[in-house]
Amino acid sequence: MSATTRVLRTLLPATLIAGVVSIGVTGPASAAPPGIPDTGTAKSELAALRVAPEGPMTGYDRKEFPHWEPVSGACNTREEVLKRDGTDVKTDAECASVSGKWFSPYDNKTYTAASDIDIDHVVPLAAAWRSGAKAWTKERRTQFANDLGSPQLIAVKDSVNQDKGDKTPDVWKPPTQGYWCTYAKMWTRSKTKWGLTITEAEKGALSSMLGAC
């Protein structure tokens, strides 16, 4: 028995000890992508983005954006995001998530099966293609599709992600209106980081969403 446990037993009821010790061992994941800017920064980034009409889909294929690349050991990008955005996630020897909880901010619900979760590209691959990525090298498109360093990847309910498809914010917004502010910040930061353009309609929608922050 450790000295800490002996002290706990003298100060706390026995029924509370297990919970106190557990708090020190486990805790929820961040459940949010990194690099989400504050509102003022997001508004400045939005104002600086170049406005241009969307380009054509000519030549587009998801294979032009190799994704779920290896990250560490057996873990690829999808599995890394599942671990990052989940709570109490346990994985097997192949890095597949076998248990845990995932809060999907788009629909404001929590799920307990990794099979219910998609990893959303906040700026969809096809939308990126139409706003500048068509001219990139495949290496740069691979980096974009596996970007763990900015708010470009997030774990969400699969059906909600499939409903979103490749739509921009002037056409689709998360069903949970309370998340629109954060979503606009993530979208704006990703387009800024990767030097992508926006349309007039897209800028108007993002401006409105940021105005409600």
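Two strands count as paired if DSSP finds at least two bridges between them. Keep that in mind for the hairpins on this tour. The model on screen is predicted.

**Stop 1: the hairpins**

Select residues 97–104, which are strand 4. Add strand 5, residues 109–111. These two strands run antiparallel and are joined by three bridges. Find Ser 104, then look across to Lys 109 in strand 5, which stands opposite. Four residues lie between the strands of this hairpin. Pick Asn 108 in the hairpin: its phi is positive, near 60°.

Now bring in strand 3, residues 86–91. Strand 3 pairs with strand 4 over four bridges, in the antiparallel sense. Gly 86 faces Trp 102 of strand 4 across the pairing. This hairpin has five residues between its strands. Which residue here takes a positive phi near 75°? It is Cys 95.

**Stop 2: helix 3**

Move to residues 39–48, helix 3. Start at the N-terminal end, where Asp 38 is the cap. One of the side-chain oxygens of Asp 38 lies 3.3 Å from the backbone nitrogen of Gly 40.

Next, colour Ala 42, Glu 45 and Leu 46, the buried residues of this helix. Turn the view to look down the helix axis. The buried residues fall within an arc of 100°, so they line one face of helix 3. An α-helix has 3.6 residues a turn, so residues three or four places apart point the same way. What do the buried residues of helix 3 pack against? Show helix 8 (180–193) and helix 9 (200–211): these are the partners. Then rotate to the other side of helix 3, where Ala 47 and Ala 48 are exposed.

**Stop 3: the aromatic cluster**

Display the aromatic side chains. The structure holds twelve aromatic pairs. Begin with Tyr 60 and Trp 129, whose ring centres are 5.8 Å apart. Their planes meet at 65°, so the pair is edge-to-face, the cut-off being over 60 degrees. Tyr 60 is in the loop between helix 3 and strand 1 (70–72), and Trp 129 is in helix 5 (residues 125–130), so this pair ties together parts 69 residues apart in sequence. Colour by accessibility. Tyr 60 is partly exposed, at 22% relative accessibility. Trp 129 is buried, with a relative accessible area of 6%.

Step on to Trp 136 and Phe 144, another edge-to-face pair. The centres are 5.6 Å apart, with 70° between the planes. Both Trp 136 and Phe 144 are buried. Widen the selection to Tyr 60, Phe 65, Trp 129, Trp 136, Phe 144 and Trp 194: together they form one aromatic cluster.

**Stop 4: charges over rings**

Stay on Trp 136 and add Arg 140. The charged end of Arg 140 sits over the Trp 136 ring, 4.7 Å from its centre. Then jump to Trp 180. Here the charged end of Lys 173 sits over the ring, 5.6 Å from its centre.

**Stop 5: Leu 125**

Finish in helix 5, at Leu 125. Is this residue buried or exposed? Leu 125 counts as buried, at 2% relative accessibility. Show its contacts beyond four places in sequence: Tyr 60, Arg 62, Phe 65, His 67, Phe 144 and Ala 145. Among them, Tyr 60, Phe 65 and Phe 144 belong to the aromatic cluster. Last, draw the distance from Leu 125 to Asp 166, between C-alpha atoms. The separation is 7.1 Å, for residues 41 apart along the chain.

Methods
Residues numbered from 1 in each chain as written. Predicted model: local features only at pLDDT ≥ 70, side-chain atom pairs only at ≥ 80, totals over all residues. Heavy atoms only, no water. Buried < 20%, exposed > 50% of the residue type's maximum accessible area, 1.4 Å probe, protein only. Arc of directions from axis to C-beta. Contact = heavy atoms within 4.5 Å. Polar contact = N/O pair within 3.5 Å; in protein donor to acceptor, adjacent residues only side chain to side chain. Phe/Tyr/Trp six-rings, centres within 6.5 Å; stacked < 30°, edge-to-face > 60°. Lys NZ or Arg CZ within 6 Å of the ring centre and 35° of its normal.
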